[in-house]
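The following exercises are to be worked through with the sequence and the structure at hand. Each task sentence is followed by a solution that goes step by step.

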Amino acid sequence: MQTNDVREYPKTTTLVTAVAHREVDTGLVDHYYLQRFPEEEWKGFEARNCFLDGGDSGAIALAAGAGILKTTDNPEGAERFTEYLLSETALAYFSTTTKEYPPVDGGSVDPGLGDLTDAQGTLSLLREVGMIPYPSPLSLSP
């Protein structure tokens, strides 16, 4: 990616549309953007999500999470909000409506989503090629 002439688009939906119209061969977007196009637009729509097999260097996933800053003026409110984000109701919404992966084990995952099995390997690869700094602010540990 670093050596190719990468084209930038102003919005993710314009990139998905560019792939669908074959203006570019591929685009890197969060998986749920394609699923946000209305179902009636899918007839003849040539863009599709591609989930690479585990172990493939292109199998990159970004996981969502929640945290509370030590400097917050409202730790009780922040904790209640975080607890809500981890509730069954919120996890079901993120999985079924926005097609997100749950930030904790035990949340339901939409069957159309791929399996997250080697997130640490993805971080290692991105560090190795210089795409993210090492040490990185990205971490998979609590």
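**Exercise 1. The surroundings of Tyr 9**

Beyond the residues up to four places away in sequence, Tyr 9 touches Thr 14, Leu 15, Ala 18, Glu 23 and Val 24, where contact means heavy atoms within 4.5 Å. The model is predicted: local features need pLDDT of at least 70, side-chain atom pairs count only at pLDDT 80 or more, and totals for chains, interfaces and linings use all residues. Residues are numbered from 1 along each chain as its sequence is written, and side-chain values use heavy atoms, with hydrogens and water left out.

*Task.* Determine where Tyr 9 lies, and which side chain is joined to that of Tyr 9 by a polar contact.

*Solution.*
Step 1. Tyr 9 belongs to the segment before H1. Helices (H or I, at least four residues) and strands (E, at least two) are DSSP runs, numbered from the N terminus.

Step 2. Tyr 9 has a relative accessibility of 23% and therefore counts as partly exposed. The scale is as follows: buried means under 20% relative accessible area, exposed over 50%, and partly exposed in between, with a 1.4 Å probe and protein chains only.

Step 3. The side chains of Tyr 9 and Arg 7 are joined by a polar contact of 3.1 Å. Such a contact is a pair of N or O atoms within 3.5 Å; within protein, one must be able to donate a hydrogen and the other to accept it, and residues adjacent in sequence count only if both atoms are side-chain atoms.

Step 4. Arg 7 is also found in the segment before H1. Apart from its neighbours within four places in sequence, Arg 7 is in contact with Glu 23 and Val 24. The C-alpha atoms of Arg 7 and Val 24 are separated by 8.6 Å, although the two residues are 17 residues apart along the chain.

**Exercise 2. Helix H1 and the nonpolar core**

*Task.* State which residues of H1 are buried, and which residues make up the largest nonpolar core.

*Solution.*
Step 1. In H1, the buried residues are Leu 15, Val 16, Ala 18, Val 19 and Ala 20. Their cover includes H2.

Step 2. The largest nonpolar core has nine residues in all: Leu 15, Val 16, Ala 18, Val 19, Ala 20, Val 24, Leu 34, Phe 45 and Ala 47. A nonpolar core is a set of buried Ala, Val, Leu, Ile, Met, Phe, Trp, Tyr and Cys residues joined through side-chain atoms within 4.5 Å.

Step 3. Helix H1 (residues 12–20) gives the largest share of this core, five residues.

Step 4. After H1 comes Arg 22, whose phi is positive, near 60°.

**Exercise 3. The two sides of helix H3**

*Task.* Explain why the buried residues of H3 are on the same side of this helix.

*Solution.*
Step 1. The buried residues of H3 are Gly 77, Ala 78 and Thr 82.

Step 2. These residues lie on the same side of H3 because they cover an arc of only 135° around the axis. The arc is that of the directions from the helix axis to the C-beta atoms.

Step 3. An α-helix has 3.6 residues a turn, so residues three or four places apart point the same way.

Step 4. Glu 76 and Arg 80 are exposed on the other side of H3.

Step 5. Thr 82 has a relative accessible area of 13% and is therefore buried. A polar atom of its side chain lies 2.9 Å from the backbone oxygen of Ala 78. With its neighbours within four places in sequence left aside, Thr 82 is in contact with Ala 66, Gly 67 and Ile 68.

**Exercise 4. An exposed glycine**

*Task.* Is Gly 44 buried or exposed?

*Solution.*
Step 1. Gly 44 lies in the loop between helix H2 (32–35) and helix H3 (75–85).

Step 2. Its relative accessible area is 69%, so Gly 44 is exposed.

Step 3. Gly 44 and Ala 20 are 24 residues apart in sequence, and their C-alpha atoms are 8.8 Å apart in space.

**Exercise 5. The whole protein**

*Task.* How many helices and strands does the protein have, and what share of its residues counts as buried?

*Solution.*
Step 1. The protein has five helices and zero strands, in the pattern α-α-α-α-α along the sequence.

Step 2. Of its 142 residues, 23% count as buried.
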